[in-house]
Every structure is written in structure tokens, then in C-alpha cells.
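Work through the exercises below with the structure open beside you. Try each task before reading its solution.

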Amino acid sequence: MIHRNELEHHLNALLKPEQIKDFCPNGLQVQGSDEIHKIVTGVTATQALIAQAIDEKADALVVHHGFFWKNESYVIRGMKYKRIKALLDHNISLFAYHLPLDIHPELGNNAQLAQLFEINNVQPLEVGNPLSVAVRGEFSHHISGDELSTRISQQLSRNCLHITPPSNKKIKTVAWCSGGGQNYIELAAEQGIDAFISGEISEQTTHVATEMDIHFFAAGHHATERYGAKALAKHLEKELSIPTVFIDIDNPA
């Protein structure tokens, strides 16, 4: 058992939310029990994940997507009310770390994708910004667009969308950003990078890929962001000696 404040201190020291501006508050969002005997991690604090945390008799839920996003209504009603009420009724603390869990150099979503896709020499995509949300790297040898598409689909267990550029060039350098990071594709293309991977695709992304001659792969927002929470669960159980379970509530988007 650890105290809630101890868990909060450990998470903040690990993920350093104070270093980056975000679209939501990072850290403890809903206060629950003082004593933490079990932790559940997941991608999004949905009603389904909260229900599973209750079934697991967890005292803390640590997620990538929590509550209280920028420009959303302050009113707690409907779906948000039901979620928060369930947490309060069962005395479960909710911790959320958005961008800090994307960019962590070891446990972060981007770092985990680099391991899955066998990408080496990971560096910030934004030059001069060590906290760049998008990153770049390279493969050990050139591969085709079809090869990379197959690798992504197999590793994430989800068919990715591949926009093939006119040249259909071989891929050595690659940039990526988990989740909704498709707008970084122009920056990657401007740096002469061969391919860009993200979770989502926008209407204009296809045109950028075609006109700037860069491969683009959309692999799913959820699919590219479940590995940070999974890695975090392993870390917490090892470092804090607290039973920790990662629960994946699948999402096709």
C-alpha cells in the first residue's frame, strides 16, 4: 500500500507535466482514497474503463485521456457526471497525463512505437525543442511502403491506411506522432523525411502526402496510444510494488 500523495509525487516526478503546455490539467483530476492498494491504467477514462476499475477493486485509475479539456463546457452533467459519480462513489482517484505520456523518452507512446516498429536514433522532429511532441528516426535499412504498412498493421493488430506518394520511394527516415498528430506531416516533409506515421488522418493530409512526396500512415488514435499506459503499468508495479493492471478498452478510431 502507498498513500495517494506518494503515487501523485511519483507520477509527477516521472512524467514532469510542468515542463509542457497541454490542453488539459495533468496529474490528479479526481481525488479518491488516501490509501492505494491497486492501480488500473488505460487509454481513456470512459464509463467502461471505470466500471472495469471498480470490478478490479482499484483505488486509482491512471489514464492518457482524462477530463476537463480546454474549451469544453465547465458543466458536470450527463456523461461526465456519470463518470465522475462512479469514481467518487467508489473512492477511486483519477490521474491523467496527456502530452507527458506521449513524449516520455522510455514509457511514452512515441517511444513505445519506436520499439514496436524497430526505429532507431530517435530525435525531436521540432529542431531545438527537446520536448517535441513529434519525433523522427530511421530504419536500419531501406524498406518499401508496403513493408512498413504491413509492419504497422501487424504490430498494432489494426489495418493502417497508407497514402502512397507519387514516387513511391523506399523508406529510410521516418517521423511519427501518436494520436492526432497528422498536422506534423508538413514539418516532416520539409525536412526531407521519407514517411510520417500518426494515429489519425485529416482531409488535407492526403494532399500534403501527395504534393510533398512523403508516405503517410494512419494507424488509429487509440491503437497508437495504448502502449504508453501499458508500459506505465509495468513501471508502477515494479517501482512501487503495487498490483497494477493495464486494461485495454478497444476503440476502432
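Two elements are in contact when heavy atoms lie within 4.5 Å. Angles run from 0 to 180 degrees between N-to-C directions. Keep in mind that this is a predicted model.

**Exercise 1. Find which strands helix 1 lies across, and its angle to strand 6.**

Solution.
- Start at residues 4-15, which form helix 1.
- Helix 1 lies across strand 2, strand 4 (39-44), strand 5 and strand 6.
- Its direction is at about 5 degrees to strand 6.

**Exercise 2. Lay out the five-stranded sheet: what is its strand order, and which strands are at its edges?**

Solution.
- The order is 2-6-5-4-13. This sheet is open, and its pairing is mixed.
- The edges belong to strand 2 (27-30) and strand 13 (244-246). Each pairs on one side only.
- From one strand to the next, the twist averages 30 degrees.

**Exercise 3. Trace the pairings of strand 5 with strand 6 and with strand 4. Is strand 5 mostly covered or uncovered?**

Solution.
- Take strand 6 to begin with. Strand 5 (residues 60-65) and strand 6 (residues 93-96) run parallel, joined by four bridges.
- One residue pair to locate is Val63 with its bridge partner Ala96 in strand 6.
- Now turn to strand 4. Strand 4 and strand 5 also run parallel, and five bridges join them.
- Here Ile39 stands opposite Ala60 of strand 5.
- Then check burial. Six of the six residues in strand 5 are buried, so the strand is mostly covered.

**Exercise 4. Lay out the six-stranded sheet: what is its order, and which strands stand at the edges?**

Solution.
- The order reads 7-8-10-11-12-9. The sheet is open, with mixed pairing.
- Strand 7 (120-124) and strand 9 (161-163) stand at the edges.
- Each has a single partner strand, so one side of each has no neighbour in the sheet.
- The twist averages 25 degrees from one strand to the next.

**Exercise 5. Follow strand 8 to its partners, strand 7 and strand 10. How many bridges does each pairing have?**

Solution.
- Strand 7 and strand 8 (residues 135-143) pair over three bridges, in the antiparallel sense.
- Within this pairing, Gln123 has Arg136 of strand 8 as its bridge partner.
- Five bridges join strand 8 to strand 10, and these strands run antiparallel.
- For a residue pair, look at Val135: its bridge partner in strand 10 is Trp176.

**Exercise 6. Place helix 5 against the strands, then against helix 6. Is its direction roughly parallel or roughly perpendicular to helix 6?**

Solution.
- Helix 5 lies across strand 7, strand 8, strand 10 (171-177) and strand 11 (195-198). It runs at about 150 degrees to strand 10.
- The axes of helix 5 (residues 109-117) and helix 6 (residues 145-156) come within 10 Å. They cross at roughly 115 degrees.
- Therefore helix 5 is roughly perpendicular to helix 6, because angles of 65 to 115 degrees count that way.
- The crossing of helix 5 and helix 6 is right-handed.
- Helix 5 contributes Leu113, Leu116 and Phe117 to the contact. Helix 6 contributes Arg151, Ile152, Gln155 and Leu156.
- Sorted by class, the contact has five nonpolar residues, one polar and one charged.

**Exercise 7. Classify His222, Ile84 and Asn183: is each buried or exposed?** The cut-offs are under 20% relative accessible area for buried and over 50% for exposed.

Solution.
- His222 sits in helix 9 (residues 221-240). Its relative accessible area is 7%, so His222 is buried.
- Leaving aside residues up to four places away in sequence, His222 touches Val43, Asp248, Ile249, Asp250, Asn251 and Ala253.
- Ile84 belongs to helix 3 (residues 78-89). At 9% relative accessible area, Ile84 is buried.
- With residues up to four places away in sequence not counted, Ile84 touches Phe67, Phe68 and Ile76.
- Ile84 and Val30 are 54 residues apart in sequence, and 7.7 Å apart in space, C-alpha to C-alpha.
- Asn183 lies in the loop between strand 10 and helix 7 (185-190). With a relative accessible area of 57%, Asn183 is exposed.
- Asn183 and Val133 are 50 residues apart in sequence and 11 Å apart in space, C-alpha to C-alpha.

How values were computed: Residues numbered from 1 in each chain as written. Predicted model: local features only at pLDDT ≥ 70, side-chain atom pairs only at ≥ 80, totals over all residues. Heavy atoms only, no water. Pairing = 2+ DSSP bridges. Helix = DSSP H or I, 4+ residues; strand = E, 2+ residues; numbered from the N terminus. Parallel < 35°, antiparallel > 145°, perpendicular 65-115°, else oblique. Left-handed = near helix turned anticlockwise from the far one by under 90°. Nonpolar A, V, L, I, M, F, W, Y, C, P; charged D, E, K, R; others polar. Buried < 20%, exposed > 50% of the residue type's maximum accessible area, 1.4 Å probe, protein only.
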